[in-house]
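Q: Got a minute to go through this model with me? I'd like to start with the strands and then get to the packing.

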Amino acid sequence: MKISILTLFPEMYENFLNSSIIGRSISRGIVDIELVNIRDFSKDKTKRVDDRPIGGGAGLIMKLEPLVAALRSVKTKESHIVLLAPTGKHYAHETACDYSSKKHLIIVCGHYEGIDFRFEKYVDEIVSIGDYVLTGGELASMVIVDSVVRLLPGAISEESTVDESFTDENLLEYPQYTFPIVFEGKSVPNILLTGNHEAVDYYHKKQAIKLTIERRPDLLKNRVWNEVERKMINEIKTGELSAIEKTALDNAARFLHKYKE
Ligand code: SAM
């Protein structure tokens with residue numbers, strides 16, 4: 001996959017492109033990320049890229065000529081062009097999945113008071129990363145690149161993306177734990193120590209449902225629960241354990257206490 005980012009501040013990407021999963025994915029050839037400095041396409045002697053708003057108003061607006069020239073310098077038949085703006089449609093996991101299947105994604109970052117509205121005619125989509133105003137599209141583009149690249153084959157282990165939040169039919173990820181088993185009196189749930197994979201899978205799913213009900217009930221609006229899930233919801237409400245969890249805990253009872261010593 002290739003991603004072209006049109007920006008006035010390419011220097012902001014230096015660490016981002018060299019670190020962690022993004023840096024590794026670039027060096028492994030999983031993704032090619034190109035930075036295009038919009039200022040390079042200004043025909044103005046002073047390399048000006050903005051001007052005052054027609055009709056009055058605060059701040060400066062990015063001009064069309066350098067933006068369109070920058071876009072044309074990278075656009076191909078395979079390009080999908082995304083303009084970043086707080087007025088755009090909300091970016092979400094589904095959008096990241098959609099972008100990860102594109103051959104060439106072009107992301108256009110605005111700055112200052114924004115971009116001449118007529119530029120919207122040159123793009124495929126207008127996207128916002130949330131209901132707040134950033135100084136520029138650079139951070140928003142990093143959010144998009146990061147969430148898309150980790151979905152590309154080979155970027156991270158496929159297992160890591162399977163159970164993540166929003167992937168399993170829009171549930172949040174279940175709570176995870178690591179060592180030590182007891183920290184300042186707070187213990188890892190016993191069921192995770194039983195070594196019974198079936199019981200652990202059941203518990204994980206139940207906890208994912210619980211967390212989603214508590215934190216993001218909006219994600220469950222159109223969900224139709226199956227029989228097992230309805231049983232889990234009942235157990236969440238009553239605090240009762242399923243037969244599979246009880247058996248796993250009973251079988252492990254003789255060694256569980258050792259972990260807590
Ligand atoms: N005057 C604009 C408004 O009120 O909608 C805000 C312009 S903002 C200061 C400058 C640039 O930052 C925008 O053109 C856009 O590219 C980017 N930006 C700001 N907030 C954003 C958001 N929530 N999502 C995506 N891009 C954003």
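**Strands, then cores**

A: Sure: strand β5 (residues 79–90) and β6 pair in the parallel sense over 5 bridges, where pairing takes at least two DSSP bridges between two strands. Strands are DSSP E runs of at least two residues and helices are H or I runs of at least four, numbered from the N terminus. It's a predicted model, so local features need pLDDT of at least 70 and side-chain atom pairs 80 or more, while totals for chains, interfaces and linings use all residues. Residues count from 1 along each chain as its sequence is written, and side-chain values use heavy atoms, with hydrogens and water left out.

Q: Which residue in β6 is the bridge partner of Val-82?
A: Ile-107. On β1 (residues 2–7), which also pairs with β6 in the parallel sense over 5 bridges, Ile-5 has Ile-107 as its bridge partner too.

Q: Is β6 mostly covered or exposed?
A: Mostly covered: 5 of its 5 residues are buried, meaning under 20% relative accessible area with a 1.4 Å probe, protein chains only. His-104, Ile-106 and Val-108 point one way, Leu-105 and Ile-107 the other.

Q: Why the two directions?
A: Side chains in a regular strand alternate between the two faces of the sheet.

Q: New topic: what does Ile-33 touch?
A: Skipping neighbours within four places in sequence, Ile-33 is in contact with Ile-3, Ile-5, Leu-17, Ile-22, Ile-26 and Val-145; contact is heavy atoms within 4.5 Å.

Q: And what do the buried residues of α3 pack against?
A: β1, β2 (32–37), β4 (61–62), β5 and β6. Those buried α3 (residues 64–74) residues include Leu-67 and Leu-71.

Key. Buried < 20%, exposed > 50% of the residue type's maximum accessible area, 1.4 Å probe, protein only.
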